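Let's take a walk through this one, starting at the ligand and working outwards. Have the structure open and follow along.

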Amino acid sequence: MPRGRIGRDLIHRWEGNPALTVEDVPFRANTVFNGTPIHTEDGKVLLLIRVEGQQGYSFFVLARSDDGLRFTIDDKPVMMPAKEGLFGRYETNGIEDPRVTFIDGTCYVVYTAAGDYGPRIALAKTEDYVNYERIALISEPVNKYGVLFPRRIKDRYARLDRPIGKGVGSIWVSYSDDLIHWGDTEVVLTPRSGYWDSWRIGASVPPIETPEGWLEIYHGVKFTSAGPVYRIGTVLLDLDEPSKVIKRCSGPILGPREDYERIGDIPNVCFACGAVVDDDGQMKLYYGAADTSICIALTSLDELMTESFNHDHHSVTE
Ligand code: BMA
């Protein structure tokens, strides 16, 4: 590697970061973070974003954009925590971290129902991106970070999620015939001692299909004496059996360095909830920074597929 300055992160922060802050929310709120992109039929990008109200719980609001970079936030929420019925019982502390996947043309949202029994995963769908119909609670607590695969695998729907067992947070896969009842659960990826993802990990972006495998952009947490540090990395999973790992990055593709990633309600957090890839393979990755703003990182599918798994890229120079 030539001497001189190198970019410290594999992917590139958009120069307009942070893309959205609480100043952009047209009503009084605490923070805005963790948005999932919805690439609509007319080529526009919407962002379903998590807003934390001043009461302390979160809900979802829609932001609209022509270019996927500059967003305007709607003046009222599109989805509030349920107050009644089955969902009302489990959303008492809010709804968090939406992740959108289109399957057979239907727009599904997987989100965290935060309640007094611990977080569990819930599923909803929308036809117009403004009205959301809850379908089912699809896990027990404690489980978070659900993402749906964009097509069936061997005739079944598939998802990744992050149950916690013995305090260890690993990524698991499970399967379903109807998106409601899930089983055949297997562990996929677990934290790595000594690494940036040594404490907990979880799926972040719904899996992206490539000829070589499912590219999963996940988050990894290292626990330090100053608290957790959230970074973003990649893993490639087998197309037919996603519990099989083909390769995993050694270093993260993005981690907190800028002030807006370091300073906020929760410091040292880069936490992605979705990405869009255009016809030329260019990618926009949407991530929450310090639980206080939404940021965008730019890369290409090619760059991630070649460089993020290139261990020399992350190693000490030779
Ligand atoms: C996770 C989720 C995210 C949050 C992250 C960092 O557990 O709650 O919503 O961004 O922690 O605080």
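Start with the side chain of Asp291: one of its N or O atoms sits 2.6 Å from an oxygen atom of the ligand. Keep in mind that this is a predicted model. On its own the ligand would expose 310 Å², and the protein buries 88% of that. Two other side chains also offer an N or O atom to a ligand oxygen: Lys144 at 3.1 Å and Tyr230 at 3.2 Å.

Now look at the whole shell. Asn34, Arg50, Asp97, Lys144, Tyr145, Tyr230, Ile266, Val269, Phe271 and Asp291 surround the ligand. Sorted by class, that makes 5 nonpolar, 1 polar and 4 charged residues.

Asp291 and Arg50 turn up again if you move to Thr31, since both are among its contacts beyond the sequence neighbourhood. The others are Val22, Val51, Glu52, Asp265 and Thr292. Thr31 belongs to strand 2, which runs over residues 31–39. With a relative accessible area of 2%, Thr31 counts as buried because that is under the 20% cut-off.

Next, the nonpolar packing. The largest nonpolar core holds 23 residues, and Leu215, Ile217, Ile232, Ile253, Leu254, Leu285 and Tyr287 have the most contacts inside it. Strands 17, 18, 20, 21 and 22, along with helix 3, each put in at least two residues. Strand 21 gives the most, with 4.

Pick Leu254 from that list: away from its sequence neighbours, Leu254 touches Asp9, Ile11, Arg13, Arg231, Ile232, Cys270, Tyr287 and Ala297. There's also a second, separate core of 21 residues, including Leu48, Phe60, Leu62 and Ile95.

Notes:
Residues numbered from 1 in each chain as written. Predicted model: local features only at pLDDT ≥ 70, side-chain atom pairs only at ≥ 80, totals over all residues. Heavy atoms only, no water. Buried < 20%, exposed > 50% of the residue type's maximum accessible area, 1.4 Å probe, protein only. Contact = heavy atoms within 4.5 Å. Near = heavy atom within 4 Å. Polar contact = N/O pair within 3.5 Å; in protein donor to acceptor, adjacent residues only side chain to side chain. Areas by Shrake-Rupley, 256 points an atom, 1.4 Å probe, with all protein chains shown as cover. Nonpolar A, V, L, I, M, F, W, Y, C, P; charged D, E, K, R; others polar. Core = buried A, V, L, I, M, F, W, Y, C linked by side-chain atoms within 4.5 Å. Lists of a residue's contacts leave out its neighbours within four places in sequence.
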